Amino acid sequence: MKALRIMDWKSEPELVEVAKPQPGPGQVVIKVGGAGACHSDLHVMHDFEPGMMPWTMPFTLGHENAGWVDSVGAGVTTVAEGDAVAVYGPWGCGKCERCRVGVESYCENQAAAPVVNGGGGLGLDGGMAEYLLIPFERLLVRLPDGMEPATAAPLTDAGLTPYHAIRRSWHKMTPTSTVVIIGVGGLGHVGLQLVKATTGARVIAVDNRKEALELATSMGADHVLPSDDKAAGAIKDLTSGHGADVVLDFVGATPTMELARAAARPLGDVTIVGLAGGNVPLSFFTQPYEVSIQTTYWGAHPELVELLDLAARGQVHVETTTYPLDQALQAYHDLKDGKVRGRAVVVP
């Protein structure tokens with residue numbers, strides 16, 4: 001079968017022929033129906049140094065995956081051949097306290113996980129291929145009736161990651177509050193929809209791209225602002241001088257992190273979701289009083305179930321640009337060049 005594999009550190013991936021995987025006891029092989037291309041893959045290709053992660057090269061890219069069950073190993077009981085499924089992306093040990101409640105992204109026994117701080121597409125073979133081996137059936141979620149795998153695939157990260165970040169601040173997203181979305185890209189445009197679908201808060205979207213602000217408007221943003229040195233002041237003006245109750249930074253660059261802090265209201269939440277590598281100094285006076293600054297990584301298995309149900313009912317969707325497997329590398333080039341509207345999805 002064909003697979004897009006990263007062969008060595010700091011290198012372009014290659015489309016190569018590999019053997020179709022076979023399931024062992026408790027394992028499942030899915031026929032891939034969609035695999036999302038993520039900015040974090042670009043970091044894996046170009047920024048990760050040898051030894052930065054304890055991963056063995058080569059491996060197949062693609063950590064946002066969905067498809068149909070192709071074959072199952074001995075003892076598998078929760079799925080059967082032909083079932084349409086989404087893949088929960090972070091693969092932990094399955095037994096520690098965090099994993100038992102479905103938050104395998106924060107597994108506390110990495111030595112017993114299939115791969116350290118990763119999963120399929122992040123250290124192990126992922127879904128940029130015709131077939132994908134799933135090491136444990138617990139990592140699969142049945143798709144709601146009528147949902148196609150190509151639709152579900154980007155929800156497993158581009159949807160789940162913002163859903164987790166938003167869900168943890170739900171109590172601050174009241175009808176009288178304001179949420180700021182910084183970066184209306186692959187994750188941010190989903191985050192905007194999720195705030196509108198699950199809360200009564202007003203939404204201010206901030207981006208430096210005209211087309212992104214137009215997308216934000218079409219998705220229900222109450223206000224859109226260019227990302228410049230006037231953005232923090234404009235947010236204060238739109239909130240009667242108070243600032244935003246919740247700021248979600250889907251970029252994570254130093255300027256956007258500074259904007260997030262400057263725009264936050266006392267007692268507010270600032271969550272850094274994007275992986276652009278920014279950093280800001282922290283002291284008693286660098287942000288308003290009792291502003292919580294936090295990061296998140298991916299989301300929980302039960303949250304993926306909730307998110308897929310929301311999507312099946314039309315409450316949220318991912319804008320996608322699709323590519324055949326033969327053009328998977330082009331998808332990453334377009335992503336790097338900012339040419340992708342929403343999320344790039346490879347459909348083998």
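In this predicted model, helix α5 (residues 188-198) is largely enclosed by the rest of the structure, because 8 of its 11 residues are buried. The buried residues are Gly188, His189, Val190, Gly191, Leu192, Gln193, Leu194 and Val195. Their cover is provided by several elements, including the helices α4 (160-167), α6 (210-218) and α9 (301-312). Strands also contribute to this cover, among them β11 (178-182), β12 (202-207) and β14 (244-249).

**Strand β14 and its partners**

Strand β14, one of the elements that cover α5, is itself largely enclosed by the rest of the structure, since 6 of its 6 residues are buried. Strands pair through backbone hydrogen bonds, in either a parallel or an antiparallel sense. Strand β14 runs parallel to β11, to which it is joined by 4 bridges. Within this pairing, Val180 stands opposite Val247 of β14. Strand β14 is also joined to β15 (residues 264-272), again in parallel, by 5 bridges. Here Leu248 stands opposite Thr271 in β15. Between β14 and β15 the chain passes through helix α8 (residues 254-263), and this β-α-β crossover is right-handed.

**The antiparallel sheet**

An open sheet of 3 strands has the order β2-β1-β4, and its pairing is antiparallel. Strands β2 (14-17) and β4 (59-60) form the edges, each pairing on one side only. Strand β1 (residues 2-6) is linked to β2 by 4 bridges in the antiparallel sense. In that pairing, Ala3 stands opposite Val16 of β2.

**Salt bridges**

Side chains of opposite charge can pair when their charged atoms come close. The model contains 16 salt bridges, of which three are listed below.

| Pair | N to O distance | Relative accessible area |
|---|---|---|
| Lys196 and Asp222 | 3.0 Å | Lys196 31%; Asp222 36% |
| Arg209 and Asp207 | 3.0 Å | Arg209 28%; Asp207 5% |
| Arg261 and Glu258 | 3.2 Å | Arg261 5%; Glu258 33% |

The salt bridge between Lys196 and Asp222 starts from helix α5 and ends in the loop between α6 and β13 (223-226), so the pair ties together parts that are 26 residues apart in sequence. Lys196 is partly exposed at 31% relative accessibility, and Asp222 is likewise partly exposed at 36%. Thus α5, although largely enclosed with 8 of its 11 residues buried, also carries a partly exposed residue, Lys196.

In the salt bridge between Arg209 and Asp207, the two residues fall into separate classes of exposure: Arg209 is partly exposed, with a relative accessible area of 28%, whereas Asp207 is buried, with 5%. Residue 207 is also the last position in the range of β12 (202-207), one of the strands that cover the buried residues of α5.

Arg261 and Glu258 are joined by a salt bridge with an N to O distance of 3.2 Å. Both belong to helix α8 and are 3 residues apart, which means that about one helical turn separates them. An α-helix has 3.6 residues a turn, so residues three or four places apart point the same way. Arg261 is buried at 5% relative accessibility, while Glu258 is partly exposed at 33%. This pair therefore lies in the helix through which the chain crosses from β14 to β15.

Salt bridges also form a network that links Glu64, Asp157 and Arg343.

**A nonpolar surface patch**

Phe284, Phe285 and Tyr289 form a nonpolar patch on the surface, and together they have about 440 Å² of accessible area. Phe284 is placed in the loop between β15 and β16 (292-295). With a relative accessible area of 58%, Phe284 counts as exposed, because the class begins at over 50%.

**Pro302 in helix α9**

Pro302 is located in helix α9, which is among the elements that cover the buried residues of α5. Pro302 is partly exposed, with a relative accessible area of 38%. Apart from neighbours within four places in sequence, Pro302 is in contact with Val101 and Gly102. The C-alpha atoms of Pro302 and Val141 are separated by 9.5 Å, although these residues are 161 positions apart along the chain.

Definitions and conventions:
Residues are numbered from 1 along each chain as its sequence is written. This is a predicted model: local features need pLDDT of at least 70, side-chain atom pairs count only at pLDDT 80 or more; totals for chains, interfaces and linings use all residues. Side-chain values use heavy atoms; hydrogens and water are left out. Buried means under 20% relative accessible area, exposed over 50%, partly exposed in between (1.4 Å probe, protein chains only). Helices (H or I, at least four residues) and strands (E, at least two) are DSSP runs, numbered from the N terminus. Contact means heavy atoms within 4.5 Å. Two strands pair if DSSP finds at least two bridges between them. A crossover is right-handed if, with the strands pointing away from the viewer, the path from the first strand over the helix to the second runs clockwise. Patches are made of residues with over 30% relative accessible area and no salt bridge: like charges are joined within 9 Å, nonpolar side chains (Val, Leu, Ile, Met, Phe, Trp, Tyr) within 5 Å. Accessible areas come from the Shrake-Rupley method with a 1.4 Å probe; for residues, only the protein chains shown count as cover. A salt bridge is a side-chain nitrogen of Lys or Arg within 4 Å of a carboxyl oxygen of Asp or Glu.
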